[in-house]
Number of protein chains: 2
Amino acid sequence: MSEKQSLSEAFDQAPYPLGGHSKRNVHVLQEALAGLDGNLNSDLYGTGAVIDDFQNKMAAYLGKESAVFFPSGTMAQQIALRIWCDRQKLKRVAYHPLCHLEIHEEDGLKELHQIEVVLLADKNSLIRLKDVVNLNADIACLLLELPQREIGGQLPDYAELEAISAYCREKGIKLHLDGARLFEILPYYQKTAAEICQLFDSVYVSLYKGIGGIAGAILAGDEAFTKESKVWKRRHGGDLISLYPYIVSADYYFERRLHRFPQYYEEAKELAHFYNECTAVATRPAVPVSNMFHVHVQVSKDQLTAILPAIYEATGIGFTHYVKEIDESSCYFEVSIGDRYAHAPKDQIKKAFQLLDEELGKIKG
Amino acid sequence: MSEKQSLSEAFDQAPYPLGGHSKRNVHVLQEALAGLDGNLNSDLYGTGAVIDDFQNKMAAYLGKESAVFFPSGTMAQQIALRIWCDRQKLKRVAYHPLCHLEIHEEDGLKELHQIEVVLLADKNSLIRLKDVVNLNADIACLLLELPQREIGGQLPDYAELEAISAYCREKGIKLHLDGARLFEILPYYQKTAAEICQLFDSVYVSLYKGIGGIAGAILAGDEAFTKESKVWKRRHGGDLISLYPYIVSADYYFERRLHRFPQYYEEAKELAHFYNECTAVATRPAVPVSNMFHVHVQVSKDQLTAILPAIYEATGIGFTHYVKEIDESSCYFEVSIGDRYAHAPKDQIKKAFQLLDEELGKIKG
């Protein structure tokens with residue numbers, strides 16, 4: 001516990017953390033609000049210019065008829081699946097075993113919506129066309145997460161995505177995109193958001209991950225779908241009198257960062273390369289397909305946690321604030337590139353990796 | 001439609017609106033953030049000093065073991081009732097026919113939690129002890145709303161409240177307080193929040209009504225209850241990565257306004273008196289017991305809507321931005337006193353009521 005704290009503390013003190021945009025503090029909101037006219041009216045239970053304008057902007061960006069702002073992706077996605085289940089009169093959906101709904105939401109989908117789930121594919125693999133074709137239960141909706149976060153942010157080929165979409169349309173299965181990191185995958189696919197979204201019936205996008213807003217999500221689809229989603233948003237307790245703190249900050253950071261995703265992607269590939277040159281280290285995927293990847297290290301969590309703080313102190317570089325155990329002799333952590341990577345001096349990055357390689361070399365003998 | 005807009009526009013332009021604290025605009029948040037250190041860390045999925053400190057403060061203020069910040073009262077209250085139903089293994093609760101859960105939440109309690117509801121009392125009356133005693137169905141929980149907003153903000157005598165609480169404890173019925181306007185009733189009861197809350201097993205308080213925050217709510221009770229409520233908060237999609245925009249503003253306006261509720265209460269009685277002196281006008285209740293009341297007018301909605309804008313323009317006083325039809329010959333609107341009432345010049349208020357009385361006199365002939 002004290003070692004864990006000291007890794008996190010050392011990371012907090014490092015002037016050049018390699019992931020993320022900035023610290024998650026009140027300044028992030030203060031900056032977004034600084035240029036705003038104080039007379040701008042709050043939204044009011046989902047109505048008003050501040051929410052309408054942003055929803056319209058996101059609908060256009062995603063190439064969908066309509067979009068709704070939600071306080072969270074958890075709420076937006078359960079609701080999307082519920083609507084498709086009701087529409088199909090079939091309370092069964094399929095998604096990946098490491099889907100956010102399966103592992104991070106306390107079974108909300110099952111407890112609140114009584115929706116049954118079929119887990120598709122091995123937990124260490126992507127969902128492939130064959131998994132969908134071989135399904136031996138009827139489902140109302142298939143949820144695909146792009147990129148698949150819990151396995152390092154992997155992506156299927158675009159052609160396979162198109163094939164899955166075509167198959168689902170043929171079979172009358174609704175296809176929902178968990179696009180928590182949709183902005184992040186556009187440079188790899190070399191597609192617009194609208195091009196990818198047209199493969200799906202409904203789409204969720206997070207506004208605080210790549211974009212770096214405070215919180216919040218967008219759910220987009222056709223008019224009938226989004227209209228129904230607003231009823232469920234109220235039922236869930238998400239139709240707040242005022243959501244503008246999240247909306248204005250999402251809009252501010254969307255405008256500020258959307259053009260930078262190609263840069264984050266290139267930097268992620270560069271950083272993964274540095275990691276992969278170290279003893280006992282391998283990134284997953286080996287070559288990132290977005291701004292994120294996982295770093296797997298063949299030493300114990302305690303061993304890695306013990307050597308990192310001194311490297312941060314010697315170089316000013318912060319690799320990670322946490323390490324997760326895989327088993328007794330291996331561990332991993334996640335990296336997501338944002339604004340900060342570009343501010344870290346290259347020579348210090350190289351020095352930090354040299355030290356990391358040396359220290360891991362000592363452990364591995 | 002154009003008349004409705006012109007009433008609302010006239011109200012917006014009136015320099016002295018008599019209800020509320022201020023316009024609901026971005027300035028409200030900017031003001032709350034202005035004095036904050038930008039280095040203050042965000043809460044993180046319900047953890048961190050910014051949320052812990054405020055929850056602890058509210059638990060102490062309400063005299064409960066523990067408190068949880070929720071994005072909305074809709075979410076907090078459904079969850080409170082769900083927990084008590086699960087605890088009692090009985091999916092039935094009772095509340096007033098005009099309870100928020102019954103008329104403003106798209107049946108979330110029934111659709112998401114499959115909880116059956118017994119409506120207690122006539123919709124124009126308060127729930128009395130006899131209504132609870134005469135219940136002919138078992139219930140897990142009784143929800144009492146203090147004050148009963150949709151009938152003008154009425155309250156039972158404190159002795160009757162104590163009797164209902166004692167009866168529920170005797171019968172093993174959990175008692176939940178919809179305290180959306182709890183701060184507002186303390187001056188009438190001459191009790192502390194903790195004294196009132198100890199009559200209840202669980203309590204919800206709104207942070208944007210009397211307090212004037214941006215949005216958000218507190219749910220308080222014993223440790224086991226609030227711990228379970230956090231699981232349901234995640235299921236509902238309310239466990240946001242960052243709730244601090246609502247928390248810091250709730251805290252700011254709590255500190256700024258808590259001592260003013262006795263003043264709002266006195267002003268509400270004064271204002272109700274002005275209304276009651278006008279032709280064809282009666283407030284409900286006749287003498288307010290909080291900062292709020294309803295104004296019932298024995299003319300049609302169109303008639304009242306037609307005469308108000310000229311009064312606002314002549315005096316600078318704004319009575320209301322809307323009027324709701326009751327039937328062809330009567331209508332009403334709600335008044336909640338906040339900071340603004342004290343800023344309206346008394347002579348202009350009197351002039352406005354003189355004009356209102358004259359105009360209503362012309363209609364009533």
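Begin by selecting domain 1 and domain 2 of chain A in this predicted model: taken over C-alpha atoms, their centres are separated by 30 Å. To colour them, use residues 2-23 together with 260-360 for domain 1 of chain A, and residues 43-241 for domain 2 of chain A.

**Between the domains of chain A**

Next, display the residues where the two domains touch, which are 14 residues of domain 1 of chain A in contact with 15 residues of domain 2 of chain A. On the domain 1 side, the elements that give two or more residues are helix 13 (261-276) and strand 10 (292-297) of chain A. If you colour that side of domain 1 of chain A by residue class, you will find eight nonpolar residues, five polar residues and one charged residue.

**Helix 3 of chain A**

Now select residues 49-62 of chain A, which form helix 3, and draw a distance between the C-alpha atoms at its ends; at 1.5 Å a residue its 14 residues should span 20 Å, and the end atoms are indeed 20 Å apart, so the two values agree. Which residues of helix 3 of chain A are buried? Show the side chains of A:V50, A:I51, A:F54, A:Q55, A:M58, A:A59, A:Y61 and A:L62, since these are its buried residues. Turn the view until you look down the axis of helix 3 of chain A, and the buried residues fall within an arc of 165 degrees, so they line one face of the helix. The background to such a pattern is that an α-helix has 3.6 residues a turn, so residues three or four places apart point the same way. On the other side of helix 3 of chain A, select A:A49, A:N56 and A:A60, which are exposed.

Keep the buried residues of helix 3 of chain A in view and add their partners within the chain: they pack against strand 2 (66-70), helix 10 (193-197), strand 7 (202-206), strand 8 (217-221) and helix 12 (244-257) of chain A. Just after helix 3 of chain A comes A:G63, where phi is positive and near 70 degrees.

**Backbone details in the loops of chain A**

Two cis peptide bonds can be visited in turn. One joins A:L146 and A:P147, with omega about -10 degrees, and A:P147 has its place in the loop between strand 5 (141-145) and helix 8 (158-171) of chain A. Another joins A:R284 and A:P285, with omega about -5 degrees, and A:P285 is in the loop between strand 9 (281-284) and strand 10 of chain A.

Then centre on A:E106, which is not a glycine and yet has a positive phi of about 50 degrees; A:E106 belongs to the loop between helix 5 (100-103) and helix 6 (108-113) of chain A, and is partly exposed, with 18 other C-beta atoms within 10 Å. Move on to A:A121, a residue other than glycine whose phi is positive, near 80 degrees. A:A121 sits in the loop between strand 4 (116-119) and helix 7 (129-133) of chain A, and counts as partly exposed with 19 C-beta neighbours inside 10 Å.

**Where chain B meets chain A**

Finally, bring in chain B, of which 37 residues are in contact with 37 residues of chain A. On the chain B side, helix 2 (26-34), helix 4 (73-88), helix 6 (108-113), helix 11 (223-236) and helix 12 (244-257) each supply at least two residues. Which helix of chain B gives the most to this side? Helix 2 of chain B does, with five residues. Coloured by class, the side of chain B that touches chain A shows 16 nonpolar, 15 polar and six charged residues.

How values were computed:
Residues numbered from 1 in each chain as written. Chains lettered and ligands numbered in written order. Helix = DSSP H or I, 4+ residues; strand = E, 2+ residues; numbered from the N terminus. Expected span 1.5 Å × (residues − 1). Buried ≥ 20, exposed ≤ 12 C-beta atoms within 10 Å, placed from the backbone. Arc of directions from axis to C-beta. Contact = placed C-beta atoms within 7 Å. Nonpolar A, V, L, I, M, F, W, Y, C, P; charged D, E, K, R; others polar. Domains from an automatic or database assignment.
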